[in-house]
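Visitor: Could you walk me through this one? I'd like to hear the reasoning behind the labels as we go.

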Amino acid sequence: MKKKILTLGLSTLLITPAIHAQDQFQIFTTFDSEVYTEAQPVTAFIDDFDAPLTSGDSAFTYNIFELGVGYGNFKLGFQSRFDYVLNFDPDTALYLHTEKNDLPFEDRHYTYDLDGKQATSNGVFFSYDFKFLQSDALTITPKLSVFASTHYQDANVKGQVFSDEIQGALTVDYYFSKDILFKRFTPDENPSGLGYSFDLAAQWKVNQDLIFGVLAQDLFYEAEYEQSGFVTGYTTEVPFTENDEGDIVTEPTIRLATSEYGNEVTHKFDMPVRIKVYADYRINDLFSTELMVKRFDQDTFSQLKGRMHFWDHWAMIGGYETNSEAFLLGIENDYFGLNIQTDNIDIDKAYYANVNWYVKLAF
């Protein structure tokens, strides 16, 4: 996971007009990786969770590599993805930070609320640009990806844990290829998973200077894993009974079904939808600007980007994004682009990183 995330984020210009240059035949490759964390800087979140704790309740990374060919409006190719989405209560982050760094616990119940999804997949994709209106001003592009996967996590844990004692009232709904929570129920063999995802993009060229667009990624996403590991059930901290003498007897109760002893199950897995909406305006021959709003699960980012155009279709790019507080630098033309965006050039202090590149050969 560390190697995949720290290659660092690229928001590939799938919704940038350069990618849609209308060459009859093309060979292209893109890489897109984006990582965002709130409670800890990126490297500390991945490794030891040992940096000073900050407020926050989410983290994610989306990574995709594609290599494909296009003919006219049709594209197909190979795709490799690694995606990870985590939502948690700030009290849960405090509990984990206290535990991992051997700090003193408070004598109280900590809220334990954790919802995470993670999947690695490899497959193929197909897309087609449907053209509408005069001069093909409106382009609608459906994209279907079909993939295989053997590594995933789908965890939902809610409840309370008392101080540093291993007791509390918890509800567990957890499916996996590797057990990273309890560390004892990993299946002997990785589950076999098949799935698909569906994206939908639309771009409207209002005139020569103004373009509106929207991209819905993982609008539909479903994978089915056979022979999956799992832990489901609950624990209750202080249930009580009364004996014949009228005494109250209390003891914790644990009712968990697990995949131990070959009890694997089939599990259906999905991912949250991501939405990007943008407006691109050409100010003059030298400058253009773009405003983009991105919605990833529980987090919204607003990005303002400016371009300075030079030579033949080349542009230098600069920008800033709210929420992540990240600055963007890049360069692009119709056939090559590279963008780097982060809130801190020292990766050990960065909470956000986004890098992307694309290369296209047209014939």
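Guide: Sure. This is a predicted model, and its protein chain holds three helices and 20 strands. Of the 363 residues, 47% count as buried.

Visitor: Which strands does β15 pair with, and what makes them count as paired?

Guide: Pairing takes at least two bridges between the strands. Nine bridges join β14 (residues 274–282) to β15, and ten join β15 to β16 (residues 299–310), so both pass that cut-off. β14 and β15 run antiparallel, and so do β15 and β16. For a concrete handle, I275 has R295 in β15 as its bridge partner, while F287 is bridged to M308 in β16.

Visitor: How many residues sit between the strands of each hairpin?

Guide: Four between β14 and β15, and two between β15 and β16. In the β15–β16 hairpin, D297 takes a positive phi near 55°.

Visitor: Which residues of β15 are on the covered face?

Guide: S288, E290, M292, K294 and F296. The uncovered face has F287, T289, L291, V293 and R295.

Visitor: On to the rings: how many aromatic pairs turn up in the whole structure?

Guide: The search finds 32. Take Y95 and F105: their ring centres are 5.1 Å apart, and the limit for a pair is 6.5 Å, so they qualify.

Visitor: Why is the pair of Y95 and F105 called tilted?

Guide: Their planes meet at 55°. Stacked needs under 30 degrees and edge-to-face needs over 60, so 55° falls in the remaining class, tilted. As for location, Y95 is in helix α3 (residues 90–100) and F105 in the loop between α3 and β4 (109–128), ten residues apart.

Visitor: Why are Y95 and F105 given their burial labels?

Guide: Y95 has 6% relative accessibility; the cut-off for buried is under 20%, so Y95 is buried. F105 comes in at 22%, which is not under 20% and not over 50%, so F105 is partly exposed.

Visitor: Which residues form the aromatic cluster?

Guide: Y36, F60, Y62, F296, F301 and Y352. F296 is also on the covered face of β15.

Visitor: What makes R108 and K143 count as lying over a ring?

Guide: Part of the test is a distance within 6 Å of the ring centre. R108 is at 4.0 Å from the ring centre of Y110, and K143 is at 4.9 Å from that of F125, so both meet the distance limit. The other part is an angle within 35 degrees of the ring normal; R108 lies over the face of Y110 and K143 over the face of F125.

Notes: Residues numbered from 1 in each chain as written. Predicted model: local features only at pLDDT ≥ 70, side-chain atom pairs only at ≥ 80, totals over all residues. Heavy atoms only, no water. Buried < 20%, exposed > 50% of the residue type's maximum accessible area, 1.4 Å probe, protein only. Phe/Tyr/Trp six-rings, centres within 6.5 Å; stacked < 30°, edge-to-face > 60°.
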